[in-house]
Structures are given as C-alpha cells and as structure tokens.
There are 2 protein chains.
Amino acid sequence: MAGAKTRTPRNTLNPELIVRAALDLMETKGTDAFSLRGVAAELGVGPMALYTYFRNKDDLYDAVRNHLMALVPAVPEGESWPDQVRAVCRDLRRLLLEHPCLAQLLGSRPLSGHETARVAEGLLGVLRSAGFDKETAARTHTTLFTYVLGATSWEIQMATERRDPEAWRRLRTTMESLSSAEFPTVVELAPELARTTGGDEQFDYGLDLLLAGLESSNAVRTPASRSR
Amino acid sequence: MAGAKTRTPRNTLNPELIVRAALDLMETKGTDAFSLRGVAAELGVGPMALYTYFRNKDDLYDAVRNHLMALVPAVPEGESWPDQVRAVCRDLRRLLLEHPCLAQLLGSRPLSGHETARVAEGLLGVLRSAGFDKETAARTHTTLFTYVLGATSWEIQMATERRDPEAWRRLRTTMESLSSAEFPTVVELAPELARTTGGDEQFDYGLDLLLAGLESSNAVRTPASRSR
DNA sequence: ATCGCTAACGTACGGTGTATAGTACAGCGT
DNA sequence: ACGCTGTACTATACACCGTACGTTAGCGAT
C-alpha cells in the first residue's frame, strides 16, 4: 500500500451510503448528537462533500425518514378491519421503538416522501374498504397517526430520560417534593403512573379505546349491513 | 443570626424576568431560533449572567414550561366527567396553540415541575371521582395526555410548515408527484386529508372517539356499583 | 478596614451548519 | 494524444451556539 493510494477514489460516495452512515450515527450517538460533520468524518470525507448529494441537513433528514418508513410492513390481508388497523399501528410503533430517531424525524416534519405515502395508503385503504366515507376515513387516519406518534414519542422520551442519570435524579426529586396535601391523587397514583408509562399494554389500551369508539359510532356503513 | 436572607440583586435581574424574556423570544423569533445569547442580549446583560439563576439551558426550559403550564385553568366544577375531561383537554390544547413552544417543551422532557403536576392532579381527580380504578385512571390519563400532545404538536407542525414557503413548495411537489396508480386512495382523499389536518373539529373527533371508547367499556364503576 | 460572598462580566474553547472558492480527476470531442 | 468541461471532493471562512473558567465590583458582617 505505497503512497499512491492516498489519492482519494472518485466515486466512494453515494446517497445510500450517506443515509446509512447518518442513520448509524443517529442510533449510536443519539439523535441530538447527530451532525453533518460527524457523518462526514465517519465516511472519511470533508463535511462539504455531503452537499453534493443533499441540499442541506433537512434534505438528509428527509432521506433518512424515507429510508426508515420503507421498513413499515404492508397491511396484512384477510383480517377484519379493526385487526388490520391494529396491525398497522403496532408495526409503526415497533419501528419507532426500534429506531427512536424516527419519532423525532416524523414529529419535526410533515408527511412527505414516497414511503410515508405508502403507509398512509395502506391505512386509508383499510378504512375505505371498511366503509368509512371520505371525510371520516381522513379524520380517522389523522387521529390514529397522531395517537401512535404521540404515544410512542412519549414512551421513547421517558425511556431516554431514565437513561440520563442527571435528568432521572431531578425527576425523582421533583416527584418526591410534591406534597400529598396539595396533589393527593398524583401521590396516590404514583406507582400506577410509573408502571403505566409506556409498554405494549399502555399503547394497546389507548388504541383499543379509539377502536372501541370507532365501532360504537355509526361511522362505518357497509352497503349490506346497516348495523349488527 | 436569624434569617437575613434579603440580599437584593445588584441590578435588575431575576428568574421571573429571564423567563418572561425567554418566552417572549421563543414566540417572536421561533422556538428553534431561541438562544441564551439572544435572551441575554434582550435583557442587556452578558450571556453568562443567566447562569446565576439557571444551571443551564435545560433548566431555563424547565422554568418556562412551568410558567406556561400555570396558565392551564382548573377543572370546571359541576359537570359530568366526560365534559370535565373534554374541558381539560381542550384547555391544554388551546394553551399549546397559543404558545407553540410549549408543545416542544412538553415533548422534549417528561412530566416534571409543580404546575405539570397540578394539571395531572386535576385530570386524575376527575377520573377517580368518576369511578375509575387506580390503574385504569393512570392509563387513561397517559392516553389522553399523549393524544392531546401528539395531535396538537402535529397541528402546530403543519401550521408552521405552511408558513415556510420553501418547505411548503417541497411538500406540494412531492404530493403531486404521487402516482394515482400507485397510491389511489391517498390521491383520492387528498382534499379531505388537507382539510382535516388540524382544527377544532379534527381534535374533537379524536377526543370523542376516546371518550366513546371509555364509556362503552366497563371501566367506569359508578359509586353505587363500585366493587374494586 | 478587611474579609467573604456573590451578581455580573469578559474571554475563550470546541462545536454547529453552510456559503464560497479552489482542486483534482473522468470522460469526452477532436 | 490532447485539451476541454463537468463532476466530486477539499479548504477556508463565517456567524452562531452553549458553557467552563477566571475576573471584577459592591454589599454585609466582622
């Protein structure tokens, strides 16, 4: 390996590689610690090299989000529509937990990109096939999406907080400083609140509430069956 | 040697003043553009002067969040519990819309601080009085809270996105580039999706779904039939 | 008068995203 | 074989960030 190799190879960089490196960095060093300089260093290039493939940081974020959303599975066939809705929501949640940075990416930018549309198409298709009219399908989709994102983001936030000893200590002290005279119910329910923060059960509880609400309403109209 | 804590600050600087200046800056220049240097400049002091009253930026964030959460009204008395829940959720949403930075503050840190506990106490009290057992009350509280935060954060995000012409243009172009062969339902429902993104109606739709789910479940045990 | 305490300031460091300009190589028309 | 041109990457620079550290000024108690 004599000196000749020091000349940089010409085409060592491509969008796919950059996205993968960016994702890797986000997950190992934390979403907040992510930086263009960091991913450039990981790839062994200067920070400006990335601007050949992405117009700016947000553009790279878009690409990473799209890359991750591609991992959401397709809607399962041959099940009842509530089960299909459940499947989509759980799949999205699982992906969010697997890649916590995705929660931040989805929260900080609107629905955009091919893969996000694919997921929306799946859920909207289920709702329309179930007999929801256009408006109700759209409303329900937005409700479900924001619920999944909100609930899971919260779960992730609490989990990462628990890992930071400084923040965790502060949280505990403020919790304990709450007078049971002033906030009797919070103090009384502290164990339950701690236990029910996050977890599959908590997520499914809210999801089932929404589904129960949907089924109890007369939103679903199938041509044949008016009601059960 | 008793008391004698009254040490007047040399100049006019105190936590309340700093928090107010910080809040003002967040709302005028945008949450992202907020910086310690900015608020210090607004107060006419050096950046380091703030560290006398706050340990770091996060500590100031905590104070601002607490300051804003104090604006959530108390739970109205003498109404049915679903109406009380509705009132709390709507009040919180209204405050979030009025102060968009609060959404970011609540999303990025867990429940902490006196005023956040006050709001939780109100909602938990309503649920417990309605007959929910401890665990269900805690679960329901978390569900409602994450729904309100998720739905409203999304709404705020979409609204701010619409204000940024660059992002708005990109969103439109990606929307229009979606083939109606690949994503027929998304394309068909585009008007409804645009119309149902945000707004009181959309928020209430999801909230009513959750409340309908609660009422249709047997989670509520009226005082007469209270067993657990 | 002197000490200790502390609010506030100034300086400096290491970090960020990115605008701008420069540089080396690939592939091409001739 | 040669020079041109476009592309991929580097180098430098700027404005800004949070904050660690050291300094100064003025008060209260001794």
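Start by selecting A:Gln202, which sits in helix H11 (residues 200-216) of chain A; helices here are DSSP runs of H or I with at least four residues, numbered from the N terminus. Before going on, note that this is a predicted model, where local features need pLDDT of at least 70 and side-chain atom pairs count only at pLDDT 80 or more, while totals for chains, interfaces and linings use all residues. Residues are numbered from 1 along each chain as its sequence is written, chains are lettered from A in the order in which they are written, and side-chain values use heavy atoms, with hydrogens and water left out.

Back to A:Gln202: its relative accessibility is 5%, so it counts as buried (under 20% relative accessible area; exposed is over 50% and partly exposed lies in between, with a 1.4 Å probe and protein chains only). Show what surrounds it: beyond the neighbours within four places in sequence, A:Gln202 is in contact with A:Tyr147, A:Thr196, B:Arg139, B:Thr142 and B:Thr143, contact meaning heavy atoms within 4.5 Å.

**Across to chain B**

Now colour the A/B interface. Each side brings its share: 67 residues from chain A and 67 residues from chain B. Together the chains bury about 5,800 Å², with 62% of it on carbon and sulfur atoms; buried area is the accessible area (1.4 Å probe) that two parts lose on being put together, summed over both. The rule also picks out 18 residue pairs in polar contact between chain A and chain B, both residues being at pLDDT 80 or more. For that, a pair of N or O atoms must lie within 3.5 Å; within protein, one must be able to donate a hydrogen and the other to accept it, and residues adjacent in sequence count only if both atoms are side-chain atoms. On the chain A side, H7(A) gives the most, with 20 residues.

**Salt bridges between the chains**

How many salt bridges are there between chain A and chain B? The count is eight, a salt bridge being a side-chain nitrogen of Lys or Arg within 4 Å of a carboxyl oxygen of Asp or Glu. Pick A:Arg139 and B:Glu201: their closest N and O atoms are 3.0 Å apart. Then widen the selection to A:Glu135, A:Arg139, B:Glu192, B:Arg195 and B:Glu201, which a network of salt bridges links.

Zoom in on B:Glu192 and B:Arg195, whose side chains pair up at 3.8 Å, N to O. They are three residues apart in helix H10 (residues 190-195) of chain B, about one helical turn. B:Glu192 is buried at 11% relative accessibility, whereas B:Arg195 is partly exposed at 49%.

**Inside chain B**

Next, go to B:Arg139, the one you met beside A:Gln202. Its side chain forms a salt bridge with B:Glu135 (3.3 Å, N to O). Both lie in helix H7 of chain B, four residues apart. B:Arg139 is buried, with a relative accessible area of 8%, while B:Glu135 is partly exposed at 29%.

For the last stop, select B:Glu155 and B:Arg93, a salt bridge at 2.8 Å, N to O. B:Glu155 belongs to helix H7 (residues 134-163) of chain B and B:Arg93 to helix H4 (residues 81-98) of chain B, so the pair ties together parts that are 62 residues apart in sequence. Buried or exposed? B:Glu155 and B:Arg93 are both buried.

Key
Helices (H or I, at least four residues) and strands (E, at least two) are DSSP runs, numbered from the N terminus.
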